[in-house]
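Me: I'm new to this structure and would like a close look at one part of it. Could you pick out the salt bridges and walk me through them?

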Amino acid sequence: MAPSPPILSLCSRCLVRRIFPFPLQSPLLRRQRLVPISPCRSLVRARYVSSDATSDATAEQQPRQKGRNERQRDSKRANRERDEKIEREGKFLLHEVEDEQLPKWVITVGLEIHAQLNTKRKLFSDARTSHVASPNTHISPLDASLPGTLPVLNPAVLLPALRAALALNCAPAEESRFDRKHYFYWDQPAGYQITQFYAPLAVDGWIVLFSHDGVPQLEGCDGPDDGIRIGIQQIQLEQDTGKTIVSPPNSLIDLNRVGSPLIEIITHPFDCPDVLFPGLVMRKIQASLKAVDACVIGMEWGGLRADVNVSVRLNEGPDVFGQRCEIKNVSSIKAVQAAVKAEAKRQIQILEAGGVIEGETRGWDAEKGVTRRLRGKEGEVDYRFMPDPDLPPVFVNRDLLVKLKHSLPPVPDKILSKLKSTPYDLRVKDAQTLIFWDESRATSTEKGAVSYYTDVVSKVQDGLLADQYPEGLKRVRKGKLSNQEQMLIDEKRRLVLPEDGGRVAGNWVIHELGGHLAKMNLNWKENPIDSQRMADLVIYVITKRITGPTAKRLLFNLLSTNPIDPRSIPDIVKASNLETAQMPKEEILAIATEIMFADEKSREVMANLRNADGKLTSKRRKGFLNFFVGRVMKKCQGRVQAEKVEAAVVTIVNKKD
């Protein structure tokens with residue numbers, strides 16, 4: 001059999017030609033093999049003919065192929081034995097290392113968070129970014145690494161990246177540069193990733209976790225200096241890789257995600273109070289990114305992923321970090337917490353048995369709750385970082401940064417601080433509820449629950465001011481006030497709201513209106529009650545023109561009517577005769593007396609109240625009193641103030657027959 005003609009191959013990266021002395025296609029194909037074809041070590045699939053081929057070139061390859069096959073079998077056998085051992089160790093660890101043993105050790109964690117930026121186009125091409133498109137439909141020639149294509153930076157990605165840097169208190173660099181990080185994997189067609197290793201976009205940031213972030217060790221410490229500070233080493237721009245879709249017996253590659261713009265947020269190593277703490281850090285960073293419209297895609301779409309570095313050391317030992325292991329591509333906050341716990345237990349068990357921790361890259365097996373060895377830990381030399389010759393440096397104008405700082409939406413901590421202060425005075429839990437609802441907005445500029453609530457409070461202040469100072473408010477609207485008069489009006493506007501006015505408004509917005517919207521599956525954008533109507537309702541409650549039960553019925557009727565009643569709250573109250581009844585105290589006492597001795601159950605509750613002799617807890621006594629208050633209010637159709645009814649009930653209970 002005559003030798004096959006040589007095949008000429010061209011490397012698309014370094015343009016070095018190489019001649020293959022054997023055919024790349026053959027009906028006798030049995031095996032595929034990856035071989036380097038150029039100094040840049042780009043890989044192609046070269047096919048070898050079977051052993052019965054008679055060409056001299058093929059005969060020369062047979063001993064080499066046999067040696068490769070043996071080494072490959074040995075390697076697979078060793079990997080399989082190692083994985084089985086790790087699986088046994090993982091299951092053993094979860095039983096042997098109890099949670100009570102963890103305080104003896106210090107767990108140190110470093111996070112490398114990859115967040116997909118909120119842009120329509122990719123980092124270096126004009127292909128669209130999408131997480132729902134059909135596989136391999138949003139690919140440009142550059143994404144597929146076709147010969148002759150060159151990257152061109154999309155300037156639009158800089159704005160969300162800089163917003164993220166400012167939100168995390170980083171200092172953006174005036175000049176940043178792109179580098180190539182070389183590694184070979186099927187989801188990276190170029191054979192390298194473009195990132196920023198030597199000159200990142202921003203450096204030296206930080207976040208602070210407080211008690212309201214869920215850190216139990218800080219419970220009761222709400223001061224601005226009572227948090228745990230986590231340093232951020234740098235933020236760098238980089239391109240995303242493809243997505244591997246496992247479809248046995250094959251693994252399919254979707255290149256839609258290749259080239260999507262990412263920022264990598266690298267934290268400094270931090271000691272964890274407990275194994276849940278890294279998840280709280282990640283949640284804090286995620287909330288900050290979403291608040292400033294830097295990253296709006298959730299972790300469930302792969303828009304936020306983390307590489308978690310874990311090491312342990314004895315609490316009483318030297319203050320030196322232990323050998324770290326990296327857990328790659330952890331895709332949820334709960335998975336981060338579970339992976340840190342499992343890896344810490346694995347390392348503790350090895351150290352307590354007298355072993356040594358090897359630096360390695362591991363994967364997280366959520367189904368079995370263990371980490372698995374993937375490969376030895378790479379270093380800078382392994383990745384062969386080099387400046388990208390095709391991309392110029394990025395220069396950030398100082399004026400742009402100033403403009404971004406002034407237009408940056410507030411991060412959750414600033415919003416929380418505002419809602420806890422005058423005139424809102426919300427409890428932390430209620431303020432967090434409003435902030436949580438706002439996380440579902442499409443953009444930070446879209447009005448949500450927080451802006452709706454602040455509008456309601458502002459309009460409540462205006463309404464109360466109009467009742468007490470009508471002439472001054474008219475002049476405000478006409479703009480005919482001097483600076484001194486304006487300061488006087490602002491002071492009156494601040495004082496006109498009762499001390500608990502902000503909380504009253506918050507109760508009606510969060511618990512009453514928010515509860516109804518949740519039952520109706522409506523978001524705040526679809527809320528049919530505008531802020532002026534809600535403010536009027538709150539004003540009528542604060543000024544006791546209507547009672548709480550009446551206001552609840554009125555709000556329910558408004559939401560249940562389709563289309564909604566166009567009349568204002570004052571018009572509805574007047575037309576339906578809903579105003580609080582000015583009932584004399586004697587009449588309320590008479591109604592309460594009648595109800596409190598009306599039946600056997602009422603008399604039994606009355607006996608418990610009168611014969612308790614101090615044995616009733618305040619909570620139980622309050623429950624008995626509310627039993628009668630509710631019945632009296634129902635008798636009065638909810639048009640009598642609950643305070644007056646409760647006073648009448650207490651008077652009757654304390655009265656000696």
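Reply: Sure, and keep in mind that this is a predicted model. Before the salt bridges, here's a quick stop at a helix pair: α2 and α6 cross in a right-handed way. The residues touching there are Leu159, Leu162, Arg163 and Leu166 from α2, and Leu400, Leu401, Leu404 and Lys405 from α6. Sorted by class, that contact has six nonpolar residues, two charged ones and no polar ones.

Now for the salt bridges: the structure has 23 of them. Let's zoom in on Glu343. Its side chain meets that of Arg346 in a salt bridge, 2.8 Å from N to O. Both residues sit in helix α4 (residues 333-352), three residues apart, or about one turn of the helix. Glu343 counts as buried because its relative accessibility is 0%, under the 20% cut-off. Arg346 is buried as well, at 8%.

Glu343 also forms a salt bridge with Arg362, where the closest N and O atoms are 3.4 Å apart. Arg362 lies in strand β18 (residues 360-365) and Glu343 in helix α4, so this pair ties together parts 19 residues apart in sequence. Arg362 is buried, just as Glu343 is. Step back a little and you'll find a network of salt bridges linking Glu343, Arg346, Glu360, Arg362 and Arg373.

For another salt bridge, look at Asp413 and Lys284, at 2.6 Å from N to O. This one links distant parts of the chain, 129 residues apart: Asp413 is in helix α7 (residues 412-420) and Lys284 in helix α3 (residues 277-291). Lys284 is buried at 9% relative accessibility, while Asp413 is partly exposed at 24%.

Key. Residues are numbered from 1 along each chain as its sequence is written. This is a predicted model: local features need pLDDT of at least 70, side-chain atom pairs count only at pLDDT 80 or more; totals for chains, interfaces and linings use all residues. Side-chain values use heavy atoms; hydrogens and water are left out. A crossing is left-handed if the near helix is turned anticlockwise from the far one by less than a right angle, and right-handed if clockwise. Helices (H or I, at least four residues) and strands (E, at least two) are DSSP runs, numbered from the N terminus. Contact means heavy atoms within 4.5 Å. Ala, Val, Leu, Ile, Met, Phe, Trp, Tyr, Cys and Pro count as nonpolar, Asp, Glu, Lys and Arg as charged, and the others, Gly among them, as polar. A salt bridge is a side-chain nitrogen of Lys or Arg within 4 Å of a carboxyl oxygen of Asp or Glu. Buried means under 20% relative accessible area, exposed over 50%, partly exposed in between (1.4 Å probe, protein chains only).
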